[in-house]
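Me: Please take a close look at the interior of this chain, and at what is arranged around it. I would like one connected account rather than a list.

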Amino acid sequence: PRKASNTIYFYLNNLTSDIALALFDLEGLMISAGSACMSGTARPSTLLNHLGLNQVAKNGLRISLPFSLSDQDLEKIKTKLSNVIHKLRK
């Protein structure tokens, strides 16, 4: 059976998820700060807390990709992610 191998969970050091979400949104990426069942809540990530990353649990972000993602679509996503990361490093 397929598991959640299409979901990538990450965080951006000291940048809170609400600020990061705005930057990704401006780039046209639909990234969330939690799972669909946590929609509308502003709680630290349970997953990151369980991993012992309590200091950054409020910074967690996730992107879910379709299993049928084409190489071309993946390149577009990588470019958009790179654009946001580049802006953050300035």
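Reply: Two residues are taken to be in contact when heavy atoms of theirs lie within 4.5 Å of each other. By that rule, and leaving aside neighbours within four places in sequence, Ala-20 is in contact with Leu-12, Leu-15 and Leu-61. The coordinates behind this are those of a predicted model.

Ala-20 and these three leucines belong to the largest nonpolar core, a group of 12 residues. Its other members are Phe-10, Phe-24, Leu-29, Ile-31, Ile-63, Leu-65, Ile-77 and Val-84. Helix 1 (17-26), strand 2 (60-64) and helix 3 (71-89) are the elements that each give two or more residues to this core. For orientation, the chain has 3 helices and 2 strands, and from the N terminus on they follow one another as β-α-α-β-α. Of its 90 residues, 23% count as buried.

The core also holds the two rings of an aromatic pair, and the count of such pairs comes to 1. A ring pair is described by the distance of the centres and the angle of the planes. For Phe-10 and Phe-24 the centres are 6.2 Å apart and the planes stand at 85°, so the pair is edge-to-face; the cut-off for that label is an angle over 60 degrees. Phe-10 sits in strand 1 (residues 7-11) and Phe-24 in helix 1, so the pair joins parts of the chain that are 14 residues apart in sequence. Phe-24 has a relative accessible area of 1% and is therefore buried, the limit for that word being under 20%.

Phe-24 leads on to Leu-29, another member of the core. Leu-29 lies in the loop between helix 1 and helix 2. With a relative accessible area of 7%, Leu-29 is buried too. Beyond the residues up to four places away in sequence, Leu-29 touches Phe-24, Ile-77, Lys-80 and Leu-81. Its C-alpha atom is 9.8 Å from that of Val-84, although the two residues are 55 places apart along the chain. For the chain as a whole, residues 24 or more positions apart account for 77% of the contacts with a separation of 6 or more.

Which charged side chain in that loop meets Lys-87 in a salt bridge? The partner is Glu-27, at 3.5 Å from N to O. Glu-27 is found in the loop between helix 1 and helix 2 and Lys-87 in helix 3, so this salt bridge ties together parts that are 60 residues apart in sequence. Glu-27 counts as buried because its relative accessibility is 17%, again below the 20% limit. Not counting residues up to four places away, Glu-27 touches Lys-80, Asn-83, Val-84 and Lys-87. Val-84 is one of the core residues, and Lys-80 is also touched by Leu-29.

The structure holds 2 salt bridges. The other links Lys-78 to Glu-75, with the closest N and O atoms 3.1 Å apart. These two residues are 3 places apart in helix 3, which means that about one helical turn separates them. Lys-78 is partly exposed, at 44% relative accessible area, and so is Glu-75, at 43%. Glu-27, at 17%, is on the buried side of the limit.

Nonpolar side chains also occur at the surface. Tyr-11, Leu-47, Leu-51 and Leu-53 make a nonpolar surface patch of about 340 Å². Leu-47 belongs to helix 2 (residues 46-50) and is partly exposed, with a relative accessible area of 41%. The accessible surface of the chain comes to about 6,600 Å², with 55% of it belonging to carbon and sulfur atoms.

To put the interior together: the core draws two or more residues each from helix 1, strand 2 and helix 3. Phe-10 adds a ring from strand 1 that meets Phe-24 edge-to-face. In the loop between helix 1 and helix 2, Leu-29 is one of the core residues, while Glu-27 pairs with Lys-87 of helix 3 in a salt bridge.

Key: Residues numbered from 1 in each chain as written. Predicted model: local features only at pLDDT ≥ 70, side-chain atom pairs only at ≥ 80, totals over all residues. Heavy atoms only, no water. Patch = residues over 30% accessible without salt bridge, like charges linked within 9 Å, V, L, I, M, F, W, Y side chains within 5 Å. Areas by Shrake-Rupley, 256 points an atom, 1.4 Å probe, with all protein chains shown as cover. Salt bridge = Lys/Arg side-chain N within 4 Å of Asp/Glu carboxyl O. Helix = DSSP H or I, 4+ residues; strand = E, 2+ residues; numbered from the N terminus. Buried < 20%, exposed > 50% of the residue type's maximum accessible area, 1.4 Å probe, protein only. Core = buried A, V, L, I, M, F, W, Y, C linked by side-chain atoms within 4.5 Å. Phe/Tyr/Trp six-rings, centres within 6.5 Å; stacked < 30°, edge-to-face > 60°.
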